[in-house]
Amino acid sequence: MDRLAQRKKIMETKINAITRYTQNEETCRTRQLVSYFGEKDAERCGVCDVCVKEDKGKLSPGSSGTGESRTGRAGEKTSVQALMHKLDAEESRILETLQFLIAEGLVLRDGDGLLIAAKP
Ligand SMILES: [Zn+2]
């Protein structure tokens, strides 16, 4: 009877998780997604924009201090395969969530099929 309300609640839960996913720029996005799927102690993926940004910071010893430009925007891509590889969750659940993200316009796919977190 109240299926619609139930669905709505599930959607809200998803949206909340997704909102966190797209807004948290300090935690590896795969880890965020992984924790959404119930995996608490996943390792950083090394390929998402957060990891890349972090690695860049480590790799450039010369650029200390000031004008640390937040230009990570262009690199916010990750592949479905990368997520699949790291997520110890059911493939169907991952795909379902990704499809939802894409349908909601929160995640975009580029020409190469890479996933890009859309910015609000
Ligand atoms: Zn990462």
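Two strands are taken to pair if DSSP finds at least two bridges between them, and in this predicted model β1 and strand β3, which covers residues 115-117, satisfy that requirement, pairing in the antiparallel sense over two bridges. Within this pairing, K77 stands opposite I116 of β3.

The pairing belongs to an open sheet of three strands, arranged in the order β1-β3-β2 with antiparallel pairing. Its edge strands are β1 and β2, each of which pairs on one side only. The residue ranges of the strands are set out below.

| Strand | Residues |
|---|---|
| β1 | residues 77-78 |
| β2 | residues 107-109 |
| β3 | residues 115-117 |

Turning to the protein as a whole, the secondary structure comes to five helices and three strands, and these elements, read from the N terminus on, follow the order α-α-α-β-α-α-β-β. Of the 120 residues of the protein, 20% count as buried. Among the contacts in the protein with a separation of 6 or more, 49% are accounted for by residues 24 or more positions apart.

One of the helices, α2, spans residues 29-36 and contains L33. This leucine counts as buried because it has 26 C-beta neighbours inside 10 Å, where the cut-off for a buried residue is 20 or more. L33 can also be related to a position far along the chain, since I94 is 61 residues apart from L33 in sequence, while the C-alpha to C-alpha distance between the two residues is 9.1 Å.

Terms used. Residues numbered from 1 in each chain as written. Predicted model: local features only at pLDDT ≥ 70, side-chain atom pairs only at ≥ 80, totals over all residues. Helix = DSSP H or I, 4+ residues; strand = E, 2+ residues; numbered from the N terminus. Buried ≥ 20, exposed ≤ 12 C-beta atoms within 10 Å, placed from the backbone. Contact = placed C-beta atoms within 7 Å.
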